[in-house]
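Visitor: I have a structure in front of me and would like to go through it slowly. Could you walk me through some of its parts, one question at a time?

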Amino acid sequence: MISGFNTIPGASKLKITDLRFAKITGAPMDCIMIKVMTNSELVGYGEIRDWSSPSYGLMLKSRLIGENPLNIDKLFRRIKQFGGVSRQAGGVCGVELALWDIAGKFYGIPIYQMLGGKFRDKVRVYSDTDIEGKPEGKKMGAALKKRMDLGFTFLKMDWGVETLLAMDEKGVLNAPLGYVEDLKSAHDYRDYFYTEREKFNRGYDVINIAHSFTGLQITEKGYDVLEQYLKEVRSVIGPEIPLAIDHCGHIGITECIKLAKRAEKYNIAWLEDLLPWQLTDAYKRLAASIAVPLATGEDIYLKEGFRPLLESGALGVIHPDLLSSGGIMETKKIGDMAQDYGIAMAIHMAETPIAALAAAHLAIATENFLALEFHSVDVPWWDDLVMTATKPIINNGFIELSNAPGLGIESLNDDVIRAHTDPHQKDIWASTDEWNNDCSHDRLWS
Ligand SMILES: [Mg+2]
């Protein structure tokens, strides 16, 4: 041993032995927490993207068993071929998070330190807010005001076609006759997966018609109603707090321009996913036609997916989700690349404290970070899913990380996890040995 250095033995002997999961519902999303286990007491916590499938992670297990979990980048490059856009990337990203957690615990340092250290002491969280029943601007304003009273300094809400549908007003939408009714009946299609598969399939088809192909337009009355809604929201929350907008609906670019113009004078932080992220040229045209920042990114996998949009100059903000974008290090690279183009990074997040803390480590260590999403203000047990040194995890609208190693999660709270387990799962952390020997020739060239 060299004098003055504190060396840690055993790094070369560490091996991955198992990968297990627990799927919960009502967080408010369906969420899949994972454990990557080793031949030591070290366990890494990770998470597969919300509303997705454990199989995206389980298919990676046989590619990881016997490998050293400290070789994070090597293993990420080995498994990244099995990730795709949006939810398909969930397994690759979830495993990557768990590997960072193991490395942090092994070396006794927090993940943000391994990423280069802090740009800030606490992470700004923005609160995405829904309201029950018929949408009214004042009611949405009051719900957002409550978030402000809790300390949130940045807000988001939905505004667009869904708002008009839920208002049930006549004469606000224009579409091939019958489509609006189809859209309404498809709204809760996921609820029918286990009970009425045909209804689920019909709803899936309607919901997945892409923006330009719906033929849907908003009428002048519809735009007036939406602008009035926004005006009422601002009258309650005031002009000073940033307000982002999401879920505008599947409308073509001309409608996007008209909708955005109605939002221009209300200081909107960004309009999110107005068009499919793949349509770079359309984004460019949209950005040139309006004066509201555009954001997209929650379904983009890997930094190369972000590059064309960044080069186009169309975005005001990128909005990756760590559980789709490639995990912690890839998203750090994405954030740094956006910075080179003068663009801020907000982070999409709709999962458990595992994903939230992973995002917070990244956010603390990335200079152009703006705000991290949070959907679970109204889920009282969200915070109790994990044991951490600092509670609550989100305090006064910010996450402050301790210097605990890895993600900073001491343990998971199995009682709370079990109380919210998906009824279609046998048990939490059950054996996944059937995935141990899934062998294939994974080489990407010959
Ligand atoms: Mg979104």
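Visitor: In which loop is the place of Pro-392?

Guide: Please keep in mind that this is a predicted model. The peptide bond that leads from Lys-391 into Pro-392 is cis, with omega near -10 degrees. As for its place, Pro-392 sits in the loop between strand E14 (386-388) and strand E15 (394-395).

Visitor: Where is the place of Pro-28, which follows Ala-27 through a cis peptide bond?

Guide: The bond from Ala-27 to Pro-28 is cis, and its omega is near 5 degrees. Looking for the elements on either side, one finds that Pro-28 belongs to the loop between E1 and E2.

Visitor: Which strands stand at the edges of the sheet that E1, E2 and E3 form?

Guide: This sheet is open, with three strands in the order E1-E2-E3 and antiparallel pairing. A strand at an edge has a single partner strand, so one side of it is left without a neighbour in the sheet, and this applies to strand E1 (16-24) and strand E3 (43-48).

Visitor: By how many degrees are neighbouring strands of this sheet turned against each other on average?

Guide: In general, strands of a sheet pair through backbone hydrogen bonds, either parallel or antiparallel. For the turn between neighbouring strands of this sheet the direction is ignored, and the average comes to 20 degrees.

Visitor: Which residue in E3 does Met-37 stand opposite?

Guide: Strand E2, made of residues 31-38, pairs with E3 in the antiparallel sense, and the pairing runs over six bridges. Within this pair of strands, the residue that Met-37 faces in E3 is Val-43.

Visitor: Which helix packs on this sheet?

Guide: The helix in question touches E2 and E3, and its direction makes about 155 degrees with that of E3. It covers residues 90-107 and is named H4.

Visitor: Which element gives the largest share of the side of domain 1 that touches domain 2?

Guide: The domain assignment of the chain gives domain 1 (11-109 + 414-435) and domain 2 (122-406), and the C-alpha centres of these two domains lie 26 Å apart. Their contact takes 34 residues from domain 1 and 27 residues from domain 2. On the side of domain 1, the elements that give two or more residues are E2, E3, helix H3 (72-79), H4 and helix H17 (414-419). The largest share, nine residues, comes from H4.

Visitor: How many nonpolar residues has the side of domain 1 that touches domain 2?

Guide: Sorted by class, this side of domain 1 has ten polar and eight charged residues. The remaining class on this side is the nonpolar one, and its number is 16.

Visitor: How many nonpolar residues has the contact of H6 with H10?

Guide: The axes of helix H6 (residues 137-149) and helix H10 (residues 220-237) come within 8 Å and cross at roughly 35 degrees, and H6 passes H10 in a right-handed crossing. The residues that meet include Met-140, Leu-144 and Met-148 in H6 and Tyr-229, Val-233 and Ile-237 in H10. By class, the contact has four polar residues, four charged residues and, as the number asked for, nonpolar residues numbering nine.

Visitor: Are H12 and H13 roughly parallel or roughly antiparallel to each other?

Guide: The axes of helix H12 (residues 280-289) and helix H13 (residues 303-312) come within 9 Å and cross at roughly 30 degrees. Angles under 35 degrees count as roughly parallel. The two helices, H12 and H13, are therefore roughly parallel.

Visitor: Which residues of H13 make the contact with H12?

Guide: H12 passes H13 in a right-handed crossing. From H12 the contact takes Thr-280, Tyr-283 and Lys-284, and from H13 it takes Pro-308, Leu-309 and Ser-312.

Visitor: How many charged residues has the contact of H13 with H15?

Guide: H13 and helix H15 (residues 327-340) pack at an angle of about 15 degrees, with their axes 10 Å apart, and that angle makes H13 roughly parallel to H15. Lys-303, Phe-306 and Leu-310 in H13 meet Glu-330, Lys-333, Ile-334, Met-337 and Ala-338 in H15. By class, this contact has five nonpolar residues, no polar ones, and charged residues numbering three.

Technical notes:
Residues are numbered from 1 along each chain as its sequence is written. This is a predicted model: local features need pLDDT of at least 70, side-chain atom pairs count only at pLDDT 80 or more; totals for chains, interfaces and linings use all residues. Two strands pair if DSSP finds at least two bridges between them. Helices (H or I, at least four residues) and strands (E, at least two) are DSSP runs, numbered from the N terminus. Axes are lines fitted to C-alpha atoms, for helices over the stretch in contact, and angles run from 0 to 180 degrees between N-to-C directions. Two residues are in contact if their C-beta atoms, placed from the backbone, lie within 7 Å. Angles under 35 degrees count as roughly parallel, over 145 as roughly antiparallel, 65 to 115 as roughly perpendicular and the rest as oblique. A crossing is left-handed if the near helix is turned anticlockwise from the far one by less than a right angle, and right-handed if clockwise. Domain bounds come from an automatic or database domain assignment. Ala, Val, Leu, Ile, Met, Phe, Trp, Tyr, Cys and Pro count as nonpolar, Asp, Glu, Lys and Arg as charged, and the others, Gly among them, as polar.
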